[in-house]
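The following note was prepared for a colleague who asked for a reading of this model. It proceeds point by point, from the overall fold to individual residues.

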Amino acid sequence: MDLSTGTIHNNKVWARLGPNQIFIGEIGKGTEEAQIIDNNILDGEPVHRFVSTPYGLIAIGEGAVGLVEAKE
């Protein structure tokens, strides 16, 4: 897992797990409860970095940016 690509948002760690997967894990829970999904959530394109903002979780790719999770 590349923590330099990730952030913490709503008590969850979001980060790239290699070039082709995304790790989503809740703080305080074990890795066996984490989600691992394909890194294609920006209209089929990969995420390079996640950023937590006051408005929600933003995914940044090459030529694409998307709101992944809105503010609660």
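1. First sheet. The model is predicted, and the description begins with its four-stranded sheet. This sheet is open, its strands follow the order E1-E2-E3-E4, and their pairing is antiparallel. Strand E1 (2–9) and strand E4 (35–38) occupy the edges; each has a single partner strand, so one side of each is left without a neighbour in the sheet. Between neighbouring strands of this sheet the average turn is 25 degrees, direction ignored.

2. Pairing of E1 with E2. Strand E2 covers residues 12–17 and pairs with E1 in the antiparallel sense over four bridges. Two residue pairs may serve to inspect the register. Ile 8 has Val 13 in E2 as its bridge partner, and His 9 stands opposite Lys 12 in E2.

3. The hairpin turn. E1 and E2 form a hairpin, with two residues between them. Asn 10 lies in the loop between E1 and E2, and its phi is near 50 degrees, a positive value in a residue other than glycine. As background, most residues other than glycine have a negative phi. Asn 10 has a relative accessible area of 32% and is therefore partly exposed, since that class lies between the 20% limit for buried and the 50% limit for exposed.

4. Second sheet. Three further strands form an open sheet in the order E5-E6-E7, again described by antiparallel pairing. E5 and strand E7 (65–70) stand at its edges with a single partner strand each, so one side of each is left without a neighbour in the sheet. The twist from one strand to the next averages 25 degrees.

5. Pairing of E5 with E6. Strand E6 comprises residues 56–61, and its antiparallel pairing with E5 extends over six bridges. Within this pairing, Phe 50 stands opposite Ala 59 in E6. When side chains are followed along such strands, it is useful to recall that in a regular strand they alternate between the two faces of the sheet.

6. The loop between E4 and E5. Asp 43 is located in the loop between E4 and strand E5 (47–53). Its phi is positive, about 50 degrees, although Asp 43 is not a glycine. With 81% relative accessibility, Asp 43 counts as exposed, because the value is over 50%. A reviewer may wish to view Asp 43, with its positive phi of about 50 degrees, alongside Asn 10, whose phi is near 50 degrees.

7. Secondary structure overall. The protein chain contains zero helices and seven strands. Read along the sequence, its pattern is accordingly written β-β-β-β-β-β-β.

8. Salt bridges. How many salt bridges does a search of the whole structure find? The search gives two. In one, Lys 29 is joined to Glu 26, with the closest N and O atoms 3.9 Å apart. In the other, the side chains of Lys 29 and Glu 33 meet at 4.0 Å, N to O. Glu 26, Lys 29 and Glu 33 are thus linked in a network of salt bridges.

9. Accessibility of the network. Are the members of this network buried or exposed? Lys 29 has 45% relative accessibility and so counts as partly exposed. Glu 26, at 36% relative accessibility, likewise counts as partly exposed. Glu 33 has a relative accessible area of 52% and is therefore exposed.

10. Overall dimensions. The protein chain has 72 residues, for which a compact globule would have a radius of gyration near 11 Å; the value for the chain is 11 Å, which agrees. Along its principal axes, the C-alpha trace spans about 35 × 25 × 20 Å.

11. Burial, surface and contacts. Of the 72 residues in the protein chain, 32% are buried. The accessible surface of the chain comes to about 4,600 Å², and carbon and sulfur atoms account for 50% of that surface. Among contacts between residues at least 6 apart in sequence, 24% join residues at least 24 apart.

Terms used:
Residues are numbered from 1 along each chain as its sequence is written. This is a predicted model: local features need pLDDT of at least 70, side-chain atom pairs count only at pLDDT 80 or more; totals for chains, interfaces and linings use all residues. Side-chain values use heavy atoms; hydrogens and water are left out. Two strands pair if DSSP finds at least two bridges between them. Axes are lines fitted to C-alpha atoms, for helices over the stretch in contact, and angles run from 0 to 180 degrees between N-to-C directions. The radius of gyration is taken over C-alpha atoms; the globule rule is 2.2 Å times the number of residues to the power 0.38. Buried means under 20% relative accessible area, exposed over 50%, partly exposed in between (1.4 Å probe, protein chains only). Contact means heavy atoms within 4.5 Å. Accessible areas come from the Shrake-Rupley method with a 1.4 Å probe; for residues, only the protein chains shown count as cover.
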